[in-house]
Amino acid sequence: MKYLFLACVSALACGTANATEYVQNGGFENVTGITRSSEFGASHIGQAVDHWTSADSNAFNLVFFSANENVDADTRFGEHGQFLWSSPASPTGGKFVALDGDTNYNGALTQMISGLTIGQTYTLNFDWAAGQYADRSGDTTEKLVVQFGADSFTTATLSTPSHGFNGWYSVTHSFTATSTSQLLSFLSIGTPSGMPPVALLDSVSLQGSVPEPATWAMFIGGFGLIGAVARKRRANVQFA
């Protein structure tokens with residue numbers, strides 16, 4: 001019976017699992033109503049990056065269509081200098097977002113995540129980097145505060161020389177859900193204010209693994225068999 005128990009546990013542990021993706025448009029490839037790099041959010045254009053919200057009226061968050069785009073991004077302040085000193089290709093080669101770290105103009109980029117299971121662990125992955133806008137000069141620092149529901153963590157602080165770039169870096173972090181729906185947010189915090197420093201973000205993914213139904217059936221059936229064997233042994237002892 002001991003070996004039967006171990007076989008059942010092994011089957012559950014090694015059985016194929018369904019990895020469910022909970023973030024929508026995590027690569028920022030899907031946009032609505034814009035055809036070039038632009039600021040998006042409450043103060044300009046609107047929520048043009050599908051499924052993501054930049055709601056703070058002060059937030060200066062931009063979606064960059066290409067790392068090699070030489071045309072200034074469209075923003076509420078006009079276009080002069082609103083592109084990056086360095087042209088860092090994103091890990092996927094496509095679009096990415098730039099989150100202003102200036103505390104006068106930073107604001108969280110958020111997405112509401114639904115369909116969670118309370119008590120289940122979810123793994124967050126994303127790529128990020130630090131950069132600077134082309135109409136600024138000077139050394140900067142940059143970090144991201146990442147929050148999921150009531151839990152949060154802060155990335156390492158990146159130091160970037162004037163006109164420079166620092167990244168890309170891959171981050172993995174686990175969260176345990178306390179509600180069936182929780183807000184995922186990324187807030188850029190940099191120094192000094194007015195430069196401004198920016199955090200670049202791409203490839204956001206949140207996954208939770210659930211065992212295949214067949215694996216659960218094997219596991220439950222195995223314990224049922226263990227119970228039957230145990231009852232038979234008790235009966236044999238009683239009538240011996």
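In this predicted model, Phe-28 sits in the loop that runs between β1 (17-21) and β2 (38-40). Phe-28 counts as buried because its relative accessible area is 0%, and buried means under 20%. Leaving aside residues up to four places away in sequence, Phe-28 touches Val-49, Trp-52, Val-63, Lys-95, Phe-96, Val-97, Leu-109, Leu-201, Asp-202 and Val-204. His-51 is 23 residues from Phe-28 along the chain, and the C-alpha atoms of the two are separated by 9.1 Å.

Two of the residues that Phe-28 touches, Leu-201 and Val-204, lead on to the largest nonpolar core. This core has 34 residues, and those touching the most other members are Phe-126, Leu-184, Phe-186, Leu-201 and Val-204. Elements giving two or more residues to the core include β4 (96-100), β5 (109-113), β10 (166-176) and β12 (197-211). The element that gives the most is β6, with five residues. In soluble globular proteins, nonpolar side chains tend to be buried together.

Phe-186 has contacts, beyond residues up to four places away in sequence, that include Trp-52, Leu-99, Phe-126, Leu-144, Leu-201 and Val-204. There is also a second, separate core of 12 residues, with Phe-60, Ala-73, Tyr-133 and Val-198 among them.

Strand β6 (residues 121-132) also holds a charged residue, Asp-127. Is Asp-127 part of a salt bridge, or without one? Asp-127 is buried yet has no salt bridge, and Lys-95, the nearest side chain of opposite charge, is 16 Å away. The side chain of Asp-127 makes polar contacts with the side chains of Ser-170 (2.6 Å) and Ser-203 (3.4 Å). Other residues touched by Asp-127 include Pro-91, Trp-168 and Leu-200.

Terms used
Residues numbered from 1 in each chain as written. Predicted model: local features only at pLDDT ≥ 70, side-chain atom pairs only at ≥ 80, totals over all residues. Heavy atoms only, no water. Helix = DSSP H or I, 4+ residues; strand = E, 2+ residues; numbered from the N terminus. Buried < 20%, exposed > 50% of the residue type's maximum accessible area, 1.4 Å probe, protein only. Contact = heavy atoms within 4.5 Å. Salt bridge = Lys/Arg side-chain N within 4 Å of Asp/Glu carboxyl O. Polar contact = N/O pair within 3.5 Å; in protein donor to acceptor, adjacent residues only side chain to side chain. Core = buried A, V, L, I, M, F, W, Y, C linked by side-chain atoms within 4.5 Å.
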